[in-house]
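Subject: Structure handover

Hello,

Here is the structure I said I would pass on. My notes follow below it.

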Amino acid sequence: MLLLLTDRPDRTVALAQLLEQIAPCRVSTVQGRFPGRIEGALGLVADVDLLQPEAARSLRTLRGAAGGARTPLICLMRSMGERSLAEARSQGAELCLPGDTPIRTVAQAVLAHLRPASTGIEAVVARGAAETGTVITGLLDAARNGELVRAEAIDAGLTPVLTAVETGGLDRWLATVRSYDDATYQHCLLVTGLAATFAIDLGFSERDRQQIVRAALVHDVGKARIPLDVLNKPGRLDPAEQAVMRSHAAVGHRILVEAGGFDDLTLDVVRHHHEVLDGSGYPDGLAGSAISDPVRLVTICDIYAALVESRPYRAPMPSGEAVDVLLGMAGKLDMVLVHAFARSVSGT
Ligand SMILES: [Fe+2]
Ligand SMILES: [Fe+2]
């Protein structure tokens, strides 16, 4: 969890949203009351005027509640004057940034100063989710803004997720990732973690693991170009909206082809992860042996993730029920792989 102390509500919403992409964020105001003790804080961001005694006092109290010096403190300064900086230093700030620093830069600084991973499994998983999540955010932002997606930048997200699921297990990864609000972001992290776990459990070599995780990480890049009212619509899509939504597979494929540098396996998964064995999938209506093993594998992770995701308007489906849905898709999914996947998510 990240803590944000603020006396500037106008800025807080955007900042908190961005911090949420690193870890669940708890916002406190200077006037607010703090509980006696806060467990598991990875960092504290203070966006307050430290020359105001009440703000300085609140910061001291909050940091104390969050474990004192063990929790890294980053101050967004209202002034870079000597008195303000002296107060920040006396509170133990690791980093002081000017108050008008772009919030994306603030988030990157927070990421760089998170409590070190050596403090436990939870931190390894949180850091893995944060690092892989940063890669996903960068990918979706670039695709949304029509910028060229950089294939090399994706690779920074592969080892963190593999390490996190290997160290902390799949359930911890799912619990961490499900606390994120943004649906596409949460979905991409879920599919990536599931694919990492599945690849490890199938005994894939390190190189093959990385390939599958790379493909899973970018599989829905096309969603960055889908209008938000369709993408985040609660409930059923009408036929026209469904056609728009379904375009994400071919759109994602085109984005990566235009970017260049992506391997054939990744391109195959991005274009075909909604194809099913009986030929009723999209965009190309592939059937049977025309659907490659990596595609089959990511498709299973993708369907399972969609079922167990947390949404504001519905409870996530329990794992056992989601596996039953997969088992009921004989004819569409590769059942040998589905059974192996069922063993993988149940940890047996
Ligand atoms: Fe998709
Ligand atoms: Fe997906």
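Arg150 and Glu152 form a salt bridge through their side chains, with 3.5 Å from N to O. Arg150 is exposed at 51% relative accessible area, and Glu152 is exposed too, at 53%. Please keep in mind that this is a predicted model.

**Other salt bridges**

The search over the whole structure returns 18 salt bridges. One joins the side chains of Asp7 and Arg78, at 3.0 Å from N to O. This pair links distant parts of the chain, 71 residues apart: Asp7 sits in the loop between strand E1 (2-6) and helix H1 (9-20), and Arg78 in the loop between strand E4 (73-77) and helix H3 (82-90). Asp7 is partly exposed, with 30% relative accessibility, and Arg78 is also partly exposed, with 33%. Asp7 and Arg78 belong to a network of salt bridges that includes Arg8 and Asp47.

Arg209 and Glu206 make a salt bridge at 4.0 Å, N to O. Both residues are in helix H10, three residues apart, or about one turn of the helix. Arg209 counts as buried at 14% relative accessibility, while Glu206 is partly exposed at 46%.

**The iron sites**

For the iron ion (ligand 2), the protein donors are His187 (NE2), His219 (NE2), Asp220 (OD) and Asp302 (OD), at 2.1 to 2.2 Å from the ion. Along the sequence these donor residues follow the spacing H-x31-H-D-x81-D. The angles subtended by the four donor atoms run from 82 to 171°, so the arrangement is irregular. A tetrahedral label would need all angles between 85 and 135 degrees.

His187 lies in helix H9 (residues 183-201) and Asp220 in the loop between helix H10 (206-218) and helix H11 (228-231), so this pair ties together parts that are 33 residues apart in sequence. His187 is buried, with a relative accessible area of 4%, and Asp220 is buried as well, with 1%.

The iron ion (ligand 1) has the protein donors Asp220 (OD), His248 (NE2), His273 (NE2) and His274 (NE2), again at 2.1 to 2.2 Å. Their sequence spacing is D-x27-H-x24-H-H. This site is irregular, with angles of 83 to 170° among its four donor atoms.

Which residue bridges the iron ion (ligand 1) and the iron ion (ligand 2)? Asp220 does, and the two ions lie 3.3 Å apart. Asp220, in the loop between H10 and H11, also pairs with His274, in the loop between helix H14 (264-272) and helix H15 (293-308), so parts that are 54 residues apart in sequence are tied together. His274 is partly exposed, at 22% relative accessibility.

**The domains**

The protein is divided into domain 1 (2-112) and domain 2 (120-346), and their C-alpha centres lie 34 Å apart. Eight residues of domain 1 and nine residues of domain 2 take part in the contact. Between them the domains bury about 810 Å², of which 55% is on carbon and sulfur atoms. On the domain 1 side, Glu20, Gln21 and Leu111 supply 55% of the area buried against domain 2, more than any other three residues. The rule finds zero salt bridges across this interface.

Regards

Notes
Residues numbered from 1 in each chain as written. Chains lettered and ligands numbered in written order. Predicted model: local features only at pLDDT ≥ 70, side-chain atom pairs only at ≥ 80, totals over all residues. Heavy atoms only, no water. Donors = N, O, S within 2.8 Å, 3.2 Å for Na, K, Ca; no water. Tetrahedral: all angles 85-135°; square planar, octahedral: opposite > 155°, others 65-115°. Helix = DSSP H or I, 4+ residues; strand = E, 2+ residues; numbered from the N terminus. Buried < 20%, exposed > 50% of the residue type's maximum accessible area, 1.4 Å probe, protein only. Domains from an automatic or database assignment. Contact = heavy atoms within 4.5 Å. Buried area = accessible area lost by both parts, 1.4 Å probe.
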